[in-house]
Amino acid sequence: MLIREYRESDRVWAEPFMRDEFGGPLQARRGELLDVLGLPGFVAERDGRPIGLVTYRLESDECELAFIASLERHEGVGSALLDALLQAVAECKRIWLVTTNDNLEALRFYQRRGFGLSALRPGAVNEAREQLKPQISTVGEFGIPLRDELELELRPPPS
């Protein structure tokens with residue numbers, strides 16, 4: 001597996017993937033829409049084909065992990081992408097992300113890698129569905145009603 005920087009030319013494959021799997025590159029969180037494909041990031045490739053993507057946003061001494069997905073689950077792709085991100089933003093004092101109450105796989109993934117819950121926004125997904133992105137489903141993974149945002153953070157030890 002090769003991890004390389006995300007390039008504008010990656011939108012050719014990333015946009016259809018985002019549209020089919022996540023309702024498009026505009027992702028709702030914290031009451032706003034963010035074009036996650038307009039951010040820097042990394043791509044995982046195997047045999048010259050993309051198998052994963054992570055994007056992030058820097059703001060002062062914090063980093064938002066805006067998006068991460070793997071086309072091959074439980075194969076180390078997400079871990080490799082997260083490692084590349086953590087190396088790239090090593091100067092950040094806080095790395096944070098937003099997920100939803102139904103995303104049990106993400107909660108497992110991040111907590112096993114040192115992230116902890118830092119905020120719960122009850123009803124935030126319902127509000128985003130009403131105000132920002134009506135195509136957000138009302139039911140998420142495992143048949144769980146999709147309604148809340150969960151924020152997780154990692155505070156790396158000072159170097």
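A strand, as the word is used here, is a DSSP run of E that is at least two residues long, and strands are numbered from the N terminus. With that in hand, let's start at one residue: R49 sits in strand β5. Keep in mind that what you're looking at is a predicted model. R49 is partly exposed, because its relative accessible area is 41%, and partly exposed covers the range between 20% and 50%. Skipping the neighbours within four places in sequence, R49 touches A44 and E72. Now look for L2: along the chain it is 47 residues away from R49, yet their C-alpha atoms are 9.8 Å apart in space.

Next, zoom out to the sheet. Seven strands make up an open sheet with mixed pairing, and if you walk across it you meet β1, β4, β5, β6, β7, β9 and then β8. Why do β1 and β8 each have one side without a neighbour in the sheet? Both β1 (2–5) and β8 (116–121) stand at the edges with a single partner strand each, so there's nothing from the sheet on that side. The sheet also twists as you cross it: on average, neighbouring strands are turned by 25 degrees against each other, ignoring direction. At the β8 end, the partner is β9 (residues 149–154); the two run antiparallel and are joined by 5 bridges. One bridge you can pick out links R121 to E149 in β9.

Now find helix α1, residues 11–22. It lies across β4 (41–46), β5 (49–59) and β6 (62–70), and its direction makes an angle of about 80 degrees with β6.

Time for some rings. There are 5 aromatic pairs in the structure. A pair of aromatic rings is described by how far apart the centres are and by the angle between the planes. Take F42 and Y56: their planes are at 15 degrees and their centres 6.3 Å apart, so this pair counts as stacked. F42 belongs to β4 and Y56 to β5, so the pair ties together parts of the chain that are 14 residues apart in sequence. Both F42 and Y56 are buried. For another arrangement, turn to Y110 and F115, which meet edge-to-face, with 65 degrees between the planes and 5.3 Å from centre to centre. Are these two buried or exposed? Buried means under 20% relative accessible area. Y110 has 5%, so it counts as buried, and F115 has 4%, so it is buried as well.

Two more ring features are worth a look. F17, F22 and F67 gather into one aromatic cluster. Elsewhere, R30 lies over the face of W96, 3.8 Å from the ring centre.

Finally, head inside. In soluble globular proteins, nonpolar side chains tend to be buried together. Here the largest nonpolar core has 25 residues, and Y110 and F115 turn up again, joining L65 and L85 as the residues with the most contacts inside it. Which elements give two or more residues to this core? They are β4, β5, β6, α2 (77–88), β7 (94–100), α3 (104–112) and β9. Helix α2 gives the largest share, 5 residues. To see how such a core knits together, follow L85: beyond its neighbours within four places in sequence, it is in contact with F42, V54, Y56, C63 and L65. Apart from this core lies another one of 13 residues, including L39, L53, A66 and A69.

How values were computed
Residues numbered from 1 in each chain as written. Predicted model: local features only at pLDDT ≥ 70, side-chain atom pairs only at ≥ 80, totals over all residues. Heavy atoms only, no water. Pairing = 2+ DSSP bridges. Helix = DSSP H or I, 4+ residues; strand = E, 2+ residues; numbered from the N terminus. Axes fitted to C-alpha atoms, helices over the stretch in contact; angles between N-to-C directions. Contact = heavy atoms within 4.5 Å. Phe/Tyr/Trp six-rings, centres within 6.5 Å; stacked < 30°, edge-to-face > 60°. Buried < 20%, exposed > 50% of the residue type's maximum accessible area, 1.4 Å probe, protein only. Lys NZ or Arg CZ within 6 Å of the ring centre and 35° of its normal. Core = buried A, V, L, I, M, F, W, Y, C linked by side-chain atoms within 4.5 Å.
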